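This briefing introduces one protein structure to a reader who is new to the subject. Please keep the sequence and the structure in view while reading.

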Amino acid sequence: MLTGQKGSVLTIDIHGMRSDDAKRQLERLLSRAGKDVREIVVIHGYSHGQVLKNMVRLELKHARIQSKLISLNEGQTRLLLKER
């Protein structure tokens, strides 16, 4: 669920989603994000298992992703995007 946009940063919360559904939603968001979007903060949680966190950090691939930054908050990962 997209929770908001502040400037060039989008935030999406995938808590409670199945891994395959969350991956599909993130891929769609990455494909549709405008050229002004430079970062996506993915809130995946961590206290109820590692499945979503591992999917985002290890499995998620997309041409728009320049790098992934592991936050001090274990429940989120920042995706830095390439310019279009």
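The notes below treat the strands, one helix, the salt bridges and the largest pocket in turn. The structure is a predicted model. A search of the whole structure finds six salt bridges, and the largest pocket holds about 200 Å³ of space.

**Strands and their pairing**

- Strand E2 covers residues 9-13, and its side chains alternate between two faces. Leu10 and Ile12 point to one face and are buried, whereas Val9, Thr11 and Asp13 point to the other and are not buried.
- Strands E2 and E3 run parallel and are joined by five bridges. Within this pairing, Leu10 has Ile40 in E3 as its bridge partner.
- Strands E4 and E5 run antiparallel, and five bridges join them as well. A hairpin of five residues leads from E4 to E5.
- Leu69 has its bridge partner in E5, namely Arg78. Arg78 appears again below, as the salt-bridge partner of Glu39.

**Helix H2 and its surroundings**

- Which residues of H2 are buried? They are Leu52, Lys53, Met55, Val56 and Arg57.
- The buried residues of H2 are covered by several elements, including helix H1 (19-32) and the strands E3, E4 and E5.
- As a general point, an α-helix has 3.6 residues a turn, so residues three or four places apart point the same way.

**Salt bridges**

- Side chains of opposite charge can pair when their charged atoms come close.
- Glu39 forms a salt bridge with Arg78, and their closest N and O atoms are 2.5 Å apart. Glu39 lies in strand E3 (residues 39-43) and Arg78 in strand E5 (residues 76-81), so this pair ties together parts that are 39 residues apart in sequence.
- Are Glu39 and Arg78 buried or partly exposed? Glu39 is buried, with a relative accessible area of 12%, while Arg78 is partly exposed at 30%.
- Lys53 and Glu74 meet through their side chains in a salt bridge, at 2.8 Å from N to O. Lys53 belongs to helix H2 and Glu74 to the loop between strand E4 (65-70) and E5, so the pair ties together parts that are 21 residues apart in sequence.
- Lys53 is buried, with a relative accessible area of 11%, whereas Glu74 is partly exposed at 32%.
- Salt bridges that share partners join four residues, Arg18, Asp20, Asp21 and Arg24, into one network.
- Within that network, the side chains of Arg18 and Asp20 meet at 3.0 Å from N to O. Arg18 is exposed, with a relative accessible area of 55%, and Asp20 is partly exposed, with a value of 37%.

**The largest pocket**

- Rolling a probe the size of a water molecule over the atoms shows where empty space is left.
- How many residues line the largest pocket? The lining consists of 15 residues, and Gly16, His44, His48, Gly49 and Leu52 are those that lie nearest the centre of the pocket.
- Helix H2 (residues 51-59) supplies the largest share of this lining, with three residues. Leu52, one of the residues nearest the pocket centre, is also among the buried residues of H2.
- By type, the lining residues of the largest pocket divide into nine polar, four nonpolar and two charged.

Key. Residues numbered from 1 in each chain as written. Predicted model: local features only at pLDDT ≥ 70, side-chain atom pairs only at ≥ 80, totals over all residues. Heavy atoms only, no water. 1 Å grid on protein atoms, 1.4 Å probe; cavity = no way out; pocket = protein on both sides within 12 Å on 5 of 7 lines; lining within 4 Å. Points joined across faces, edges and corners; volume = space filled by probe spheres on them. Helix = DSSP H or I, 4+ residues; strand = E, 2+ residues; numbered from the N terminus. Nonpolar A, V, L, I, M, F, W, Y, C, P; charged D, E, K, R; others polar. Buried < 20%, exposed > 50% of the residue type's maximum accessible area, 1.4 Å probe, protein only. Contact = heavy atoms within 4.5 Å. Pairing = 2+ DSSP bridges.
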